[in-house]
Amino acid sequence: MVAARAATRAASPVPALHVHDVTVRFGDALVLDGVRFDLDPGHFLAIVGPNGAGKSTLVKVALGLITPQRGHAAIFGHDAGDAPERIGYVPQLKTFDRTFPATAVELVVSGIRRNWPVRVGQAERARAMAALGDVGAEALADRSLARLSGGELQRAFLARALVREPDLVLLDEPATGVDFLAEHDLYDLLERYQARRGATVAMVTHDLAAARFHASRVLVLNRRLHGYGLPEDVLCDACLQEAFGHVGHRHAVAL
Amino acid sequence: MDGFFEILGFAFMQRALAAGLLVALMSGLLGTFVVQRRLSFLGDGLAHAAFGGMGIGALAVVTFGVLDAGGGWLRHPLWVALPFALLTALGIAYVRDRTDLSSDTAIGVFFAVSVALGVLAFSRIPPDVNLGFNVMDLLFGSILAVRATELTAIAVAAVVVVATLGSVWGRLAYATFDDELARTDGVRARRLEYLLFVLAAIVVAVSAVVVGIVLMAAYLVIPAAAARLWSRSLAGMSARAVAIGMTTTLVGVVASFYLDAPTGSAIILTQAAVFVAAVVLRRR
Ligand SMILES: Nc1ncnc2c1ncn2[C@@H]1O[C@H](COP(=O)(O)OP(=O)(O)OP(=O)(O)O)[C@@H](O)[C@H]1O
Ligand SMILES: [Mg+2]
């Protein structure tokens, strides 16, 4: 009985990320159109597509920040937004409010508490320092966020996402503003975290080479889903031609 | 320092200081969020809404002929000013929430309408009627003429504001840092923003009657702005805003007594001095 149940579970595990027929409109603009896919636990998913393709929107649907007009998303079987403790989210680096008085440690502790700290306790600080250490950012701990560079800020946000030991790490273009060496460290770090925790990673990226090299699944998105599967199958010229309207840099070279 | 304890002997002075310190406490806690959310104009807008509400309230009191019955609780124009400020606050929050207009624009619209209504209402009150307060005091405050009624209202508001902010502080701060991140962690950011506006309306309505519209806006912005320059964390900024607000109130009230200067001016100028010091001395 127990064995049978275990066998069924093994045959069809609850997907880490289940996206069913998701359709999002902003006013008249159809941004996502019937997107559906399942991502099994343990994978490293790269989400690629041109600017304005709806990649960030898809991530926000998964987080429960945007309610789609049609369809739904689930994370480990929970409705989007219902299991925040299992998700570590690194937002697309945006024009962050640099006037907000906070230190990197406080930012990381907010990831533990899911709340902003009035004061940081001893144990929390130790945990936050370990997370900052993992991303090579211990030295930033007591620095004011307003004084961090873009790449340093990105590391602090990464520490904030990982400190809660999430089962699913959702990253929206985490390599933006990070230098080449640090980008290598980033993939290395995510792969180590994944191996240690058996976690799932889903990352929006514009770097097709990195997607090909690091991801176990690739999703090509441009409003509709243009391809989903193994990197070598999906990152083919025809698929990219369809989604991007041109193939990587060859377009430019041909000119 | 003899003189200081001497003037504390006066009942009006005790009430003035108690009212001023409570307003500083509430304003420092709220002002931190107001300043960080770039709502510095909100205090002005709500204080003018309170002015409009006081006008309508005073007109109602006069019209229904209850003035000669004395200054009892139910006859206080505050009963109109408070709901009027609350509605205005909700209106501003709604416009901010539902349109792409900036908060300053939304506040500006309500601001103008409130002043127009207030002036219209006061103009309908015969000049010989004794309202129990001076209309000019509504603008510039009469902290030294705080009656027990107003002090009670301020004390009740202080309890409400401190208790409410205490219970939502972590979530409100999180949403102030980043609305989207807070929402991914289950914080109902939109609801909290409405709550912040409601608290601001309560503080402003009960306080503006005493400290005046001009000083009210200053209380919400200057101590928090000065505190920001000296703080690296939001909690530290809150604590310093309260401390600066209270200290400048003490200094301002005492100075106004000795210099025979308007209390509101004395307090604002003391706050301004601290702000200038913060700008000049802020850590690099
Ligand atoms: N809140 C919003 N209101 C209206 N339109 C929006 C909103 N958010 C996104 N959009 C639109 O939806 C489309 C998809 O946006 P999205 O941010 O998901 O793209 P993206 O694939 O992440 O692009 P990028 O690579 O530039 O980050 C864009 O055309 C954008 O203008
Ligand atoms: Mg994006």
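Accessible areas in this tour come from the Shrake-Rupley method with a 1.4 Å probe, and for residues only the protein chains shown count as cover. The model is predicted, so local features need pLDDT of at least 70 and side-chain atom pairs count only at pLDDT 80 or more, while totals for chains, interfaces and linings use all residues. Residues are numbered from 1 along each chain as its sequence is written, chains are lettered from A and ligands numbered from 1 in the order in which they are written, and side-chain values use heavy atoms, with hydrogens and water left out.

**Chain A.** Select chain A, whose accessible surface comes to about 11,800 Å², 53% of it belonging to carbon and sulfur atoms. Chain A has ten helices and ten strands, which are DSSP runs numbered from the N terminus (helices: H or I, at least four residues; strands: E, at least two). Of its 255 residues, 50% count as buried; buried means under 20% relative accessible area, exposed over 50%, and partly exposed in between (1.4 Å probe, protein chains only).

**The magnesium ion.** Next, select ligand 2, a magnesium ion whose protein donors are S56(A), through OG, and Q92(A), through OE1, at 1.9 to 2.4 Å. Donors are N, O and S atoms within 2.8 Å of the metal (3.2 Å for Na, K and Ca); water is not among the atoms, so sites may look incomplete. S56(A) lies in helix 2 (residues 55-63) of chain A and Q92(A) in the loop between strand 6 (87-90) and helix 3 (104-113), so the pair ties together parts 36 residues apart in sequence. S56(A) is buried at 19% relative accessibility, whereas Q92(A) is partly exposed at 31%.

**Helix 2 of chain A.** Extend the selection to this helix: eight of its nine residues are buried, so it is largely enclosed by the rest of the structure. Among the buried residues are K55(A), T57(A) and L63(A). Just after the helix, G64(A) takes a positive phi of about 85 degrees.

**Helix 10 of chain B.** Move to residues 213-229 of chain B, a helix of 17 residues. Helix 10 bends by about 30 degrees at Y219(B), and P223(B) follows within four residues; the bend is the angle between axes fitted to the seven residues ending there and the seven starting there. Of the 17 residues in helix 10, 15 are buried, so it is largely enclosed by the rest of the structure.

**M216(B).** Finally, select M216(B): leaving aside neighbours within four places in sequence, its contacts (heavy atoms within 4.5 Å) include V23(B), A47(B), V204(B) and V211(B).

Methods. The expected span of a helix is 1.5 Å times one less than its number of residues.
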